Amino acid sequence: MGHSRGQSQLLMLLLVLLTHVQPRQGLERMDYVPRLWSATLAGRLTQSTFTLEQPRGLFSSPNISDRDTIWLVVARSNATQSFRAPESVEDSPAPADFPQSGYYLTLMAYRALYPGGQASSQLHVLRVGNDTRCATTTRGCNHPLPDSGPYRVKFLVMNDRGPVAETEWSTETRLPQAQALQVVRGAQSAGTVVIIAILSILLALLLTALVAVLTYTCFDSCRSTPISGPRETVSVRRYTTHDAFSTPAVGGS
């Protein structure tokens with residue numbers, strides 16, 4: 001009797017726990033792969049940014065509300081397999097944690113910013129890594145990318161209860177890097193040596209001619225100008241003004 005009573009109490013306790021624990025709703029997987037903008041756009045790929053097409057009209061599912069936030073997940077290509085959607089934005093890493101976490105969330109938006117409909121003449125793009133003013137310690141900062149990658153991205157929809165929907169991962173994106181100037185060291189060809197020798201001879205002849213012209217000009221100028229020698233005497237005539245040294249007349253006339 002006591003054994004059956006204990007079993008009934010245990011079953012009641014399990015029932016209470018099951019009624020209070022709500023299982024997490026599964027993520028809606030959207031059949032969409034983020035892709036780069038067309039190759040005709042200037043600056044589509046730079047050393048710290050890349051440009052995506054906007055996912056216009058994608059988030060019209062009834063499971064997504066106008067208040068849900070839409071994030072772009074930027075991840076290392078080798079970190080996508082271990083990626084798990086965070087329970088909240090506060091649990092997601094900032095760009096400063098990117099070397100350790102392998103991913104971060106950025107470019108927060110709402111689905112009203114990605115409306116569907118006919119294509120217009122406006123340019124609808126998302127430039128990843130385009131904000132140089134925000135601090136890397138701020139969640140959601142769209143800071144320039146640190147290196148060439150490769151990177152992969154996906155869109156993630158979240159609400160107050162956690163993640164709601166997500167897209168597929170994009171293909172790998174590699175950024176171009178500046179090429180260091182390489183100095184070729186080694187033996188020079190015979191033609192290069194001949195050219196250097198000819199240029200050296202011409203430069204020496206030019207300098208010799210310049211010195212000769214300067215010497216001749218200086219010599220000719222000095223010969224045509226009279227120069228007083230130490231034996232030449234210079235006479236100086238002395239004048240006495242009448243008003244200053246005239247003597248008064250003696251006597252009268």
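Methionine 30 lies in the loop between strand 1 (28–29) and strand 2 in this predicted model. The residue is buried, with a relative accessible area of 6%. Beyond its neighbours within four places in sequence, methionine 30 contacts Leu58, Phe59, Ile64, Val157, Ala165, Glu166, Thr167 and Glu168. One of these partners, glutamate 168, is 138 residues away in sequence. In space, the two C-alpha atoms are 7.0 Å apart.

Another of these contacts, Glu166, takes part in a salt bridge with arginine 29. The closest N and O atoms of that pair are 3.1 Å apart. Glutamate 166 sits in strand 7 (residues 162–166) and arginine 29 in strand 1, so the pair links distant parts of the chain, 137 residues apart. Glutamate 166 is buried, at a relative accessible area of 7%. Arginine 29 also forms a salt bridge with glutamate 168, where the closest N and O atoms are 3.8 Å apart. Glutamate 168 belongs to the loop between strand 7 and helix 3, so this pair ties together parts that are 139 residues apart in sequence. Glutamate 168 counts as partly exposed, at 28% relative accessibility.

Lysine 154 meets glutamate 166 in a further salt bridge, at 2.9 Å from N to O. This pair connects strand 6 with strand 7, and its members are twelve residues apart. Lysine 154 is buried, with a relative accessible area of 4%. Through shared partners, Arg29, Lys154, Glu166 and Glu168 form one network of salt bridges. The whole structure has seven salt bridges.

The chain contains four helices and seven strands. Their order along the sequence is α-β-β-β-α-β-β-β-β-α-α. Strand 2 (residues 50–53) runs antiparallel to strand 5, and four bridges join them. Within this pairing, threonine 51 stands opposite arginine 127 of strand 5. Side chains alternate along strand 5 (residues 125–128). Leu126 and Val128 point to one face and are buried. Val125 and Arg127 point to the other face and are not buried.

Strand 3 (residues 69–76) and strand 4 are also antiparallel, joined by five bridges. Valine 74 has tyrosine 104 of strand 4 as its bridge partner. Strand 4 (residues 103–109) is largely enclosed by the rest of the structure, because five of its seven residues are buried.

Helix 3 (residues 190–223) includes valine 194. This valine counts as partly exposed, at 47% relative accessibility. Valine 194 contributes to a nonpolar surface patch of about 690 Å². The patch is completed by Ile195, Ile198, Leu199, Ile201, Leu202 and Leu205.

Of the 253 residues in the chain, 26% count as buried. The accessible surface comes to about 18,800 Å², with 57% belonging to carbon and sulfur atoms. Among contacts between residues at least 6 apart in sequence, 73% join residues at least 24 apart.

Confidence varies along the model. The average pLDDT is 78, and 71% of the residues score at least 70. Strand 6 (residues 151–159) has the highest confidence, at a mean of 94, and helix 4 (residues 242–245) the lowest, at 48. Over residues 227–236 the pLDDT is below 50, and this stretch has zero contacts beyond near neighbours in sequence. Residues 15–24 stay under 50 as well. For them the model has three contacts beyond four places in sequence.

Key. Residues are numbered from 1 along each chain as its sequence is written. This is a predicted model: local features need pLDDT of at least 70, side-chain atom pairs count only at pLDDT 80 or more; totals for chains, interfaces and linings use all residues. Side-chain values use heavy atoms; hydrogens and water are left out. Patches are made of residues with over 30% relative accessible area and no salt bridge: like charges are joined within 9 Å, nonpolar side chains (Val, Leu, Ile, Met, Phe, Trp, Tyr) within 5 Å. Accessible areas come from the Shrake-Rupley method with a 1.4 Å probe; for residues, only the protein chains shown count as cover. A salt bridge is a side-chain nitrogen of Lys or Arg within 4 Å of a carboxyl oxygen of Asp or Glu. Helices (H or I, at least four residues) and strands (E, at least two) are DSSP runs, numbered from the N terminus. Buried means under 20% relative accessible area, exposed over 50%, partly exposed in between (1.4 Å probe, protein chains only). Two strands pair if DSSP finds at least two bridges between them. Contact means heavy atoms within 4.5 Å. pLDDT is the predictor's confidence in each residue, from 0 to 100.
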